[in-house]
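Here are a few notes to read alongside the model. Have the backbone torsions at hand as you go.

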Amino acid sequence: MGRAQPTAGDQESKRAFMKHVLNDARALEAMIADGMVENDRRRIGVEQEMFLVDEKMRPANLVVPILKELADDQFVTELGAFNLEANSDTYVFGEDCLSRLEAELLEKVARARAAAAKFGGNIVLVGSLPTLKKSDLGLDNMAPVERYRQLNDIMSDLRGEPYEFRITGIDELIMEHDSVMTEACNTSFQVHFQVGPAEFAELYNVAQVCNAPLMAAACNSPLLFGKRLWRETRIALFQQSIDLRRNDSPMRDLQPRVTFGSSWVKKSVMELIREDITRFKVLIASHIDEDAFEALREGRAPSLKALRMLNGTIYRWNRACYGITEGKPHLRIENRILPSGPTVADEVANTAFWCGLMSAVSRHWQDVTQVMDFDDAKANFFAAARLGLAAQFRWLDGKLYPAQKLILDIALPLAKEGLSKKGIAEADINRYLGIIERRVASGQTGAEWLLKSYTANRSKGRRSERLAEVTNAYLRNQTDNRPVHEWDEYSMEEPSVYKSTMTTVDDYMSTDFVTVQEDELVDLVACLMDWHKIRHVLVENQDHELVGLVSHRCLIKLFAKGMEALSARNPSVSEIMIRNLVTCPPEMSTLDAVRLMSNNKVGALPVVKDGQLVGLITERDLMPLASQLLEEKFGG
């Protein structure tokens, strides 16, 4: 049953809202023309997003009690009830602003951890939480904010079909989801860089150029749903998580709401604003009680609430922002590419690298659009997200460089020069750019540490155990603020946080299993069982819907009739398969699965989600659970 169609009142609200958006855009253009927008200050500030986890490193829906405990309006919700965001103060860009920013963030994260601990939780700074499961992305795990629910309903209606995901790295993720909750898989570290109106176009283009080396040095999101994907999987996942383009318009050149952009900015921030108003529908309207021009006539800076609300539903990787500080309106470039973590020290180092590189590149190249093609900047960015330090970039001199060489030999010296020219304290320059230099020289970004630690332990325990233990090791390293390049590769011994008795079927089920179709030869099933040493083969149709199962016992019964009779007529799978199957969902607890097998006297349970076959769990899969239960009951 579909959702209700928009009413005439809804449409009238959107038209009224759009009138305010257009009025705000005209007001901003007038303020820029009249010199009202601040142009003699450079400030920075950040948004620190984080995951909330329980003692088993699983996402924990604790945002409401934690916010109540913190009682601080600089802490706010994000989309997931297991996400939290902290907003920093703003700092004039100079002197000891970076070390002051680090001290503030450490204090905020410590406060958030202390608040989470009161409810049995903890804080993890990572781009994508390795222990997340698709089952965590239901609407029941959305933060209790009405605007989020409204946006989800509107976006899902506009798309008209499930969101589709296809991300290929070492492994491949192919899935569908029915809401925007996949966005909650991402947490970022967003840096705001204040710029003057006259320099906006130049610096915005420079920011686009600098994205690639920054991303390669900072990537920290390689694991999602147990799959090893991009070094910064957030980039692909976020774009696909709220992509409202439908598959029925393949010839239309439609833009996604998450975008790098399609061209350089030529003269003004107004180009981005006009393009966004032109290309993207208003998703949600709100009552606006301010007339921007009336505010200007009264001598005060307008809030431009309607324009900012529209801008908040369009997710450029570098986004133009309007704000007011001490009564003075200003413009900022919001860098949205950086992941959360691995440590606050790493995050502030990334901030220093980006801000310093921006400053120096704009000094050496007055107009980067004259020396680099936009498509090269875009290609560099996505190469960095996919490959991290293994990427290659086309730089401003037209030459192709390996990421490590470009960063170490060209970008870091430029960043040092840029920070020095802006009066950043020498000790801070050495500390933060030193972190970048050692991280890149060692090749150990957060993404590489996670991948190495996870892959090195692939023979130890089940996937869910490895993900929990690696995440726990990551958290232990993170809490002392030691930069990631200093971390030792994790070696899993005995599980320390993972408790099998509290797990679900998708922790134990096989997802790489053998299937046949019902018109295939029985002899094929016998061979598959022999070759792969298995006792059950699932039967599915072309839509991956479960239709039956062939067990080892089915074959024994058939062969008991005599081989000569069988060889004469080549029986099909449909003749011997079991049709009325006992199945379970992936969210079922393993203990309930054990009971289900026992009560129905079966040795395997096909796992079905939304009508499709997604896994198989057998008695053999559950043997480690049985061993642990016995150990917990009777001791070692």
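**Notes on the model**

1. E95 is exposed (over 50% relative accessible area, 1.4 Å probe, protein chains only), its relative accessible area being 59%. Its phi is positive, about 50°, although E95 is not a glycine. The residue belongs to the loop between strand 4 (91-92) and helix 3 (97-117); helices (H or I, at least four residues) and strands (E, at least two) are DSSP runs, numbered from the N terminus.

2. Before going on: this is a predicted model, where local features need pLDDT of at least 70 and side-chain atom pairs count only at pLDDT 80 or more, while totals for chains, interfaces and linings use all residues. Residues are numbered from 1 along each chain as its sequence is written, and side-chain values use heavy atoms, leaving out hydrogens and water.

3. N481 also has a positive phi without being glycine, near 60°. N481 is buried (under 20% on that scale), at 14%, in the loop between helix 15 (463-479) and helix 16 (505-508).

4. Check omega from G341 to P342: that peptide bond is cis, near -5°. P342 sits in the loop between strand 14 (328-335) and helix 10 (344-364).

5. Nine of the nine residues of helix 6 (residues 233-241) are buried, so the rest of the structure largely encloses this helix. Its buried residues pack against several elements, including helix 5 (200-218) and helix 11 (374-387), with contact meaning heavy atoms within 4.5 Å.
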